[in-house]
Every structure is written in structure tokens, then in C-alpha cells.
Amino acid sequence: FLSPNLPSPAWGGGAEARAAFAIALEGGEIEAWRAGNPRSVFRRLAAYRGFDALHDDAKGRVLLLELLQSDLEGEARDEIAQETFEAALGEQDPVARRRLADAFLAKFPDSVYRHLLYQYHLSWVARERGAKELRREVRRLLKRDPDNRTLNFVAGYWSIDLGVDLDWAV
């Protein structure tokens, strides 16, 4: 099934990841392979890597949200945390971006990426969506994590920068 000349993908992942990559290179259907047994987290993770290698963001995002519903451990958990963080920040659709950010914050509340997510996400909201949406998003995030210093600092910074009510910003 695997060509002996197939390069090992830079992102590693073992035999299942190489299989997903090989299927993608040979023009096969990742979906059909992914639907096979066993329907393990690693099989889904390998399929996600295949979609990522093909730059199929739409299918990759669906699978990423599916992976977020799984019990993740070790390197798989770390990889999905990073992928979700990057996907949330790369998303330009506000609804999809919020969904990915919320999924990340719910699944990985202790992640080192949490503080960066607040910083970059609110910066994007401020620049792309404006003061009214920034205020709405800050309130929403503060309900989840009211004592987070990074969130409070970034919220205050952008609120002042956009001229939102100074008393509210402080």
C-alpha cells in the first residue's frame, strides 16, 4: 500500500499518518479511509493531517471540530490544541472564528496558547469588526475567564485605542 519511495511527512505521526498522506498523494478518498475501522482518534488525526497537506481547509475544519469532541492525550492533545489555536486565528468569518475560539477555550482551558488567543483574537476583532463588536466580544469572553490578566489588559488596551467608554475600559 505505501510506496517505499514515499517521503516521511514532516509532521510525523506514524503509520496511520503516512497512510493518510499516501492516500492523498495517490488521489484517493481520505473520507473513505477515515470511515473504516477502527475509528480511532489517531485515524481521525491522520486524516486531518492529510486534509492539511492538501490545503483542504473546509474538510479539515470539520474534522478538527470532530477531533475536539474526542478524548485527546499526550502529543495528540498538544497538536490539536496548536491546530485549533492557529485555525481560530486564521479564520476570517466571525462566526466560525468565534466557534473555533470557544471550542479551543473549552477543550484547553490551561493551554499556554490561551493568552495568545485572547491577544490576537481581540486585536482582530478591534481592527476588523470595530468598537461595538469588540465590546460585545470582551463581555462574552470575560464571562468565561473574568480574572485572566491578559484578557483584561488586551480588552482595556483595545477599548481605549478605539475610544470605547474609558470608564468601562479601565
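Among contacts in the chain between residues at least 6 apart in sequence, 52% bring together residues at least 24 apart. The model behind this figure is a predicted one. It has 10 helices and zero strands, so the pattern read along the sequence is simply one α after another, α-α-α-α-α-α-α-α-α-α. Of the 170 residues in the chain, 42% count as buried. The accessible surface of the chain adds up to about 9,600 Å², and carbon and sulfur atoms hold 51% of that.

Next comes the inside of the fold. The largest nonpolar core has 34 residues, and the ones that touch the most other members are Ile80, Phe104, Phe108, Leu117, Leu122 and Leu134. Plenty of helices chip in here: α3 (41-53), α4, α5, α6, α7 (113-129), α8 and α9 (149-161) each supply at least two residues of this core.

Phenylalanine 104 is a good place to linger. Its relative accessibility is 0%, so phenylalanine 104 counts as buried, the cut-off being under 20%. Leaving aside neighbours within four places in sequence, phenylalanine 104 is in contact with Ala81, Thr84, Phe85, Ser111, Tyr113, Arg114 and Leu117. Two of those partners turn up again in an aromatic cluster, which is made of Phe85, Phe104, Phe108 and Tyr113.

The structure holds four aromatic pairs. One of them joins phenylalanine 104 and phenylalanine 108, with 5.6 Å from centre to centre and 45 degrees between the planes, which makes the pair tilted. Phenylalanine 108 is buried too, at a relative accessible area of 2%. A second pair brings together tyrosine 157 and tryptophan 158: the ring centres lie 5.3 Å apart and the planes stand at 90 degrees, so this pair is edge-to-face. The two partners do not share the same label for exposure, because tyrosine 157 is partly exposed at 44%, while tryptophan 158 counts as buried at 14%.Two polar residues also sit out of reach of the surface probe's definition of exposed. Threonine 84 belongs to helix α5 (residues 74-90) and is buried, with a relative accessible area of 0%. Apart from neighbours within four places in sequence, threonine 84 is in contact with Leu64, Leu68, Leu100, Phe104 and Phe108. That list includes Phe104 and Phe108, both named above among the core residues that touch the most other members. Serine 70, for its part, is found in the loop between α4 (57-68) and α5. Serine 70 has a relative accessible area of 6% and is therefore buried as well. With neighbours within four places again left aside, the contacts of serine 70 are Val41, Arg44 and Lys107.

Charged side chains come last. A search of the whole structure turns up seven salt bridges. In one of them, the side chains of glutamate 91 and arginine 61 meet at 2.6 Å, N to O. This pair links distant parts of the chain: glutamate 91 is in the loop between α5 and α6 (94-107), arginine 61 is in helix α4, and the two are 30 residues apart. Glutamate 91 is buried, with a relative accessible area of 15%. Arginine 61 comes out at 22% and is partly exposed, since buried means under 20%.

Another salt bridge runs between aspartate 102 and arginine 140, whose closest N and O atoms are 2.8 Å apart. Aspartate 102 lies in helix α6 and arginine 140 in helix α8 (residues 131-144), so this bridge ties together parts that are 38 residues apart in sequence. Arginine 140 is partly exposed, at a relative accessible area of 26%.

Helix α8 has a salt bridge of its own, too. The side chains of arginine 136 and glutamate 133 meet at 2.5 Å, N to O. Both residues lie in helix α8, three residues apart, or about one turn of the helix. Arginine 136 is partly exposed at 46% relative accessible area, whereas glutamate 133, at 12%, counts as buried. These charged residues are also part of something wider, as Arg98, Asp102, Glu133, Arg136, Glu137 and Arg140 are linked in a network of salt bridges.

Conventions:
Residues are numbered from 1 along each chain as its sequence is written. This is a predicted model: local features need pLDDT of at least 70, side-chain atom pairs count only at pLDDT 80 or more; totals for chains, interfaces and linings use all residues. Side-chain values use heavy atoms; hydrogens and water are left out. Helices (H or I, at least four residues) and strands (E, at least two) are DSSP runs, numbered from the N terminus. Buried means under 20% relative accessible area, exposed over 50%, partly exposed in between (1.4 Å probe, protein chains only). Contact means heavy atoms within 4.5 Å. Rings of Phe, Tyr and Trp (its six-membered ring) pair if their centres lie within 6.5 Å; planes under 30 degrees apart count as stacked, over 60 as edge-to-face and the rest as tilted. A salt bridge is a side-chain nitrogen of Lys or Arg within 4 Å of a carboxyl oxygen of Asp or Glu. A nonpolar core is a set of buried Ala, Val, Leu, Ile, Met, Phe, Trp, Tyr and Cys residues joined through side-chain atoms within 4.5 Å. Accessible areas come from the Shrake-Rupley method with a 1.4 Å probe; for residues, only the protein chains shown count as cover.
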